[in-house]
Amino acid sequence: MKRTYLIFSLVLIATMFLAACGPAKTPEVTEAPATEAPATEAPVAGPPAVCASDAGGCAVFAPGDPIKIGFAGPMSGDVSAFGIDASQGIDIAFTDAGLFEGHAFVQDPQDDQASPEVGATVAQLFSSDPTIVGIVGHLFSGATNAAMPIYEAAFLPMVSPSATRIDLTEQGNTVFNRVVGNDKAQGELAATFIYTNLGLHKVAIVHDGGAYGLGLAERTRDVFTTLGGEVVQFQGIETGLADYSTVLADIASKSPEAIFFGGYTGEGAVIANQMAGAGMAGVTLVSDDGIYGSQFVDLAGANSEGVYATSAG
């Protein structure tokens, strides 16, 4: 069941009825004085019955208290632009929303470093804070997958703007939501774009081994071969390295017409920068929305020219 969030305020209403008497015309008749009605108080509103029956209970706010929303995303490292952009977008949305029954919305931003391990730690932090009523995040699929069961146990609803791993919505989790398509569609788009739009029929597929990159690479491979294309190599890499020249040299020996990379900005930029040195200056690099941002251009420089990035939409 989802957590129920209610805001209670105490309203005191005092009502007094006053009546006055005055002299009447002759013959004088004196009226009995009007009886003053006693002041009454309206009953104090209390938590509705659902707060006792719902397993998640209710969040209770005093008048004027802010409504706090947790944000979890990468705020540091090679992919920090994704988290910083999202956090700033939340601030704009809250400013536009204004007050809700006298309560302002505020965010508590936490850096999950796009890491499943750190993502789980952030989820525990939010789940232990009774003032947090919902989560925007996480942004990356691995961190999202690690955080989902923690939020479910705490009855905290979460909405990811960008976690596209296919099976995130197939796990039966009762609190996870997303406002983006998944990699079933993105993988099909990537494969069709390479095979049909670019007219390239021999591809090497590289992935970072993560929840997002591997799943997207597998989907792209499957659709590409169904279209009639040849996958000359399907290769995982270790993340966080500054040199993939050995892997790229091995791929170059297979003479691909294109490389599809499933992963994120840091590794994608290294691949773009080292393809020419591995003898693949004329090979097209296609990647995903994990590299789609200004940081990739900053890291790859001139080598970002001619690189394609898909998006789940």
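A salt bridge is a side-chain nitrogen of Lys or Arg within 4 Å of a carboxyl oxygen of Asp or Glu. In this predicted model, the side chains of Glu 188 and Arg 219 meet in such a salt bridge, with an N to O distance of 3.5 Å. The pair links distant parts of the chain, since Glu 188 belongs to helix 5 and Arg 219 to helix 6, with their positions 31 residues apart in sequence.

**Salt bridges**

A search of the whole structure finds five salt bridges. Among them are the three in the following table.

| Salt bridge | N to O distance |
|---|---|
| Glu 188 and Arg 219 | 3.5 Å |
| Arg 221 and Asp 222 | 3.1 Å |
| Lys 254 and Asp 250 | 3.3 Å |

The relative accessible area of Glu 188 is 41%, so this residue is partly exposed. Its partner Arg 219 is likewise partly exposed, at 24%. In the second pair, Arg 221 counts as partly exposed because its relative accessibility is 26%, and Asp 222 also counts as partly exposed, at 38%. In the third pair, Lys 254 has a relative accessibility of 32% and therefore counts as partly exposed, while Asp 250 is partly exposed with a relative accessible area of 35%.

**Nonpolar cores**

The largest nonpolar core has 27 residues, of which Val 133, Ile 194, Val 203, Phe 224 and Phe 260 touch the most other members. At least two residues of this core come from each of strand 3, helix 2, helix 5 (183-197), strand 8 (202-207), helix 6 (211-227) and strand 10 (258-262). Helix 6 provides the largest share, five residues. Another core, of 21 residues, lies apart from this one; its members include Leu 248, Ala 269, Val 270 and Ala 300.

The surroundings of Phe 260 can be listed in detail. When neighbours within four places in sequence are left aside, Phe 260 is in contact with Ala 190, Ile 194, Val 203, Ala 204, Ile 205, Val 206, Leu 216, Ala 217, Thr 220, Val 286 and Ser 287.

**Strand pairing and crossover**

Strand 3 (residues 67-73) and strand 4 (residues 105-111) run parallel and are joined by seven bridges. Within this pairing, Ala 72 stands opposite Gln 110 of strand 4. Between the two strands the chain passes through helix 2 (residues 80-97), forming a β-α-β crossover that is right-handed.

How values were computed. Residues numbered from 1 in each chain as written. Predicted model: local features only at pLDDT ≥ 70, side-chain atom pairs only at ≥ 80, totals over all residues. Heavy atoms only, no water. Pairing = 2+ DSSP bridges. Helix = DSSP H or I, 4+ residues; strand = E, 2+ residues; numbered from the N terminus. Right-handed = clockwise from strand over helix to strand, strands pointing away. Core = buried A, V, L, I, M, F, W, Y, C linked by side-chain atoms within 4.5 Å. Buried < 20%, exposed > 50% of the residue type's maximum accessible area, 1.4 Å probe, protein only. Contact = heavy atoms within 4.5 Å.
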